[in-house]
Amino acid sequence: MAIFEYAPAPESRAVVDLQPAYGLFINGEFTDGSGPTFKTVNPATEEPLAEIATATSDDVDRAVQAARKAFGVWSALPGAERAKYLFRIARIIQERARELAVLESLDNGKPIRESRDVDLPLVAAHFFYYAGWADKLEYAGFGTKPLGVAGQVIPWNFPLLMLAWKIAPALACGNTVVLKPAETTPLSALWFADICRQADLPPGVVNIVTGAGETGAAVVAHPDVNKVAFTGSTEVGRLIARTVAGTDKKLTLELGGKAANIVFEDAALDQAVEGIVNGIFFNQGHVCCAGSRLLVQESVHDELLAALKRRMATLRVGDPLDKNTDVGAINSAAQLDKIRELSELGEAEGAERWSAPCELPDRGFWFAPTVFTGVAQSHAIARDEIFGPVLSVLTFRTPAEAVEKANNTPYGLSAGIWTEKGSRILWMADRLRAGVVWANTFNKFDPASPFGGYKESGYGREGGLLGLEAYLDV
């Protein structure tokens, strides 16, 4: 049989005009930070991309005061006027989508196909969706009174999409924002600041402060912040919950996950294999709701695993800017170390490791798509969030056992069910303690659909009608 090779299909970097250094965005202007600068690097090559300012607590205070001043003007605007700004931002995002997609892949390491075809369309869609709500808040059932200044801290796995999830509903409801992007992926948030200026958004309505954990902590703890929204690790979520405890700040947390992707013997196995691959290898497994635990009915275990390994062997790992790439670079050296450590622990605990045969680049942060079989519920790789392209496989015999194993986790963000029986889907979904349950698909998102978790996966919902509640004085 002839073997077909994919010719390189690189996306041009020329569309992105990177400056050597970037400051903070406060009150509609870029300004210097008071802290030491740091570099953001391309995880695929370890090449420094730009120098980034660090916001100290004084800088955060400036940003919050700018947001507080702007709140009086922004919240007084009729909803239809706020909607015009959100529509304008959404259209500019669409117009600059190619530039933003390349930037996101450079800074984050995700394949350009995902940035271009998943992230950017959803970013624009969220602004369009909440622009539609801005003049209809009285019909949402949560009142129409905004909270004030929203302090928002977002992660590095979907930098621009998480920004959209947070900023769009906040502005639609009449709040102003101080947002801190992750220190390893600040560039798309700073590009968004430029989009705010291009859209003539009033100064101070959106402020972007960059830095590491201390900057985020200053945003969360600031006494003049009325609402805190955080997406990230459960560990940091606990710290934030302690910080706001005893204050009148409203809080939403979207934290870690260890989702079960459950395949029954009557499932369309080829379709399920695609869903499994999408569930764990999409965005290199850097997904809070990734289907990192595969629960397979015993009778189809061997057949499904053989098909899954065949499919994994075709995954192309490499240059994120190549349009043929399926799996890009791990976001940082620290994250790569964590993935390696937990994978080695999985082997030490007795699970059998199999990695897709692929040639990894010499430079950058890379990890081959990996599957563990012979996994027990007690293994760390079945309990802990690895946040990388690593799948743990467990088996079950009955639907009741599948539910028990799926729920045997401190997390509760998402789950997937693969079966041809609609009644079984409904029976399972009713019993799974997960905020989102996908049926015969995985990782499908829509701005009209709320997202969030149970237990240690956080509380509150983002997206949809329920996403407005977190930004209104109910």
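Visitor: Which strand do two bridges join to strand 1, and do the two run parallel or antiparallel?
Guide: Bear in mind that this is a predicted model. Strands of a sheet can pair either parallel or antiparallel, through backbone hydrogen bonds. Here Tyr22 stands opposite Ile52 in strand 5. The two bridges join strand 1 to residues 47-54, and the pair is parallel, so the partner you want is strand 5, running parallel.

Visitor: What are the edge strands of that sheet?
Guide: The sheet is open, with three strands in the order 1-5-4 and mixed pairing. An edge strand here pairs on one side only, and that picks out strand 1 (21-22) and strand 4 (35-42).

Visitor: What angle does helix 3 make with strand 4?
Guide: Helix 3 covers residues 97-108 and packs on the sheet, where it touches strand 4 and strand 5. Its direction and that of strand 4 make an angle of about 105°.

Visitor: Is helix 5 enclosed or not, and how many of its residues are buried?
Guide: Start with its length: at 1.5 Å a residue, residues 159-172 should span 20 Å, and the end C-alpha atoms agree, being 20 Å apart. Buried means under 20% relative accessible area. By that cut-off helix 5 is largely enclosed by the rest of the structure, because the buried count is 14 of the 14.

Visitor: Which residues touch the most other members of the largest nonpolar core?
Guide: This core has 112 residues, and helix 5 gives the most to it, with 11. Phe127 has contacts beyond its sequence neighbours that include Leu86, Leu163, Ile167 and Phe192. The residues touching the most other members are Ile93, Phe127 and Phe192.

Conventions
Residues numbered from 1 in each chain as written. Predicted model: local features only at pLDDT ≥ 70, side-chain atom pairs only at ≥ 80, totals over all residues. Heavy atoms only, no water. Helix = DSSP H or I, 4+ residues; strand = E, 2+ residues; numbered from the N terminus. Expected span 1.5 Å × (residues − 1). Buried < 20%, exposed > 50% of the residue type's maximum accessible area, 1.4 Å probe, protein only. Pairing = 2+ DSSP bridges. Contact = heavy atoms within 4.5 Å. Axes fitted to C-alpha atoms, helices over the stretch in contact; angles between N-to-C directions. Core = buried A, V, L, I, M, F, W, Y, C linked by side-chain atoms within 4.5 Å. Lists of a residue's contacts leave out its neighbours within four places in sequence.
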